[in-house]
Amino acid sequence: DSDDPDFIGGSALATLVHAIEAAQLAHNVVALRGRVFVFVRLAHMERSASFPRLKLGSSEMAGCFHCQAADELEQASSPGAIAAALESVSAPHDEVWSMLLQTMETLKAAFLG
């Protein structure tokens with residue numbers, strides 16, 4: 001049923017993921033407590049120079065860094081280190097925002113005519 005919020009939400013996510021992939025960007029999706037978060041990153045960037053051993057994906061986007069050594073844990077606990085690492089692999093904010101707005105316009109036309 002196209003009036004079902006789950007159907008609309010699923011359509012929005014699928015449309016957004018399609019736009020991300022068409023722009024040749026990478027993504028990770030996390031669902032937490034009924035909310036869906038999409039992390040859009042540069043296709044060639046899965047690792048930050050500041051954490052070269054760590055792949056930055058869904059877990060890290062959700063705030064769970066899998067540090068593999070004491071020095072990584074110490075570095076990750078430094079103020080701003082995690083945010084900077086995620087920022088360094090993220091797609092440009094204006095490009096992502098533009099994709100999100102276009103997705104909303106596409107869905108608006110599809111569901112509201």
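The questions and answers below go through a predicted model of one protein chain.

Residues are numbered from 1 along each chain as its sequence is written. In this predicted model, local features need pLDDT of at least 70 and side-chain atom pairs count only at pLDDT 80 or more, while totals for chains, interfaces and linings use all residues; side-chain values use heavy atoms, with hydrogens and water left out.

Visitor: In what pattern do the helices and strands follow each other along the protein chain?
Guide: Helices (H or I, at least four residues) and strands (E, at least two) are DSSP runs, numbered from the N terminus. The protein chain has five helices and two strands. Read along the sequence, the pattern is α-β-β-α-α-α-α.

Visitor: What percentage of the residues of the protein chain count as buried?
Guide: Buried means under 20% relative accessible area, exposed over 50%, and partly exposed in between (1.4 Å probe, protein chains only). The protein chain has 113 residues, and the share that counts as buried is 27%.

Visitor: Which helix gives the most to the lining of the largest pocket?
Guide: A pocket is defined on a 1 Å grid over the protein atoms alone, as an open set of points where a 1.4 Å probe fits, with protein on both sides within 12 Å along at least five of seven lines; lining residues have an atom within 4 Å of a point. The largest pocket holds about 180 Å³ of space, and of its 11 lining residues the closest to the centre are G9, G10, A12, L13 and V36. At least two lining residues each come from α1 (5-22), β2 (35-42) and α5 (93-112). With six residues, the helix that gives the most is α1.

Visitor: How far apart in space are A12 and M104?
Guide: A12 lies in helix α1 and is buried, at 17% relative accessible area. Leaving aside neighbours within four places in sequence, A12 is in contact (heavy atoms within 4.5 Å) with T103, M104 and L107. A12 and M104 are 92 residues apart in sequence, but from C-alpha to C-alpha the distance is 7.4 Å.

Visitor: Which helix supplies the largest share of the largest nonpolar core?
Guide: A nonpolar core is a set of buried Ala, Val, Leu, Ile, Met, Phe, Trp, Tyr and Cys residues joined through side-chain atoms within 4.5 Å. The largest one has 10 residues, including F39, F51, A81 and V89. Its largest share is four residues, from helix α4.

Visitor: Why do C64 and C67 form no bond, and how far apart are their sulfur atoms?
Guide: A disulfide is a pair of cysteine sulfur atoms within 2.5 Å, and a search of the whole structure finds zero. C64 is partly exposed, at 40% relative accessible area, and C67 is partly exposed too, at 26%. The closest cysteine sulfur to that of C64 is in C67, and the two are too far apart for a bond because the distance is 8.9 Å.

Visitor: Is Q24, with its positive phi, buried or exposed?
Guide: Q24 has a phi near 60°, a positive value in a residue other than glycine. Q24 lies in the loop between α1 and β1 (25-32). At 64% relative accessibility, Q24 counts as exposed.

Visitor: In which loop is R33 found?
Guide: R33 has a positive phi, near 50°, and is a residue other than glycine. At 88% relative accessibility, R33 counts as exposed. The loop that holds R33 is the one between β1 and β2.

Notes. Points joined across faces, edges and corners; volume = space filled by probe spheres on them.
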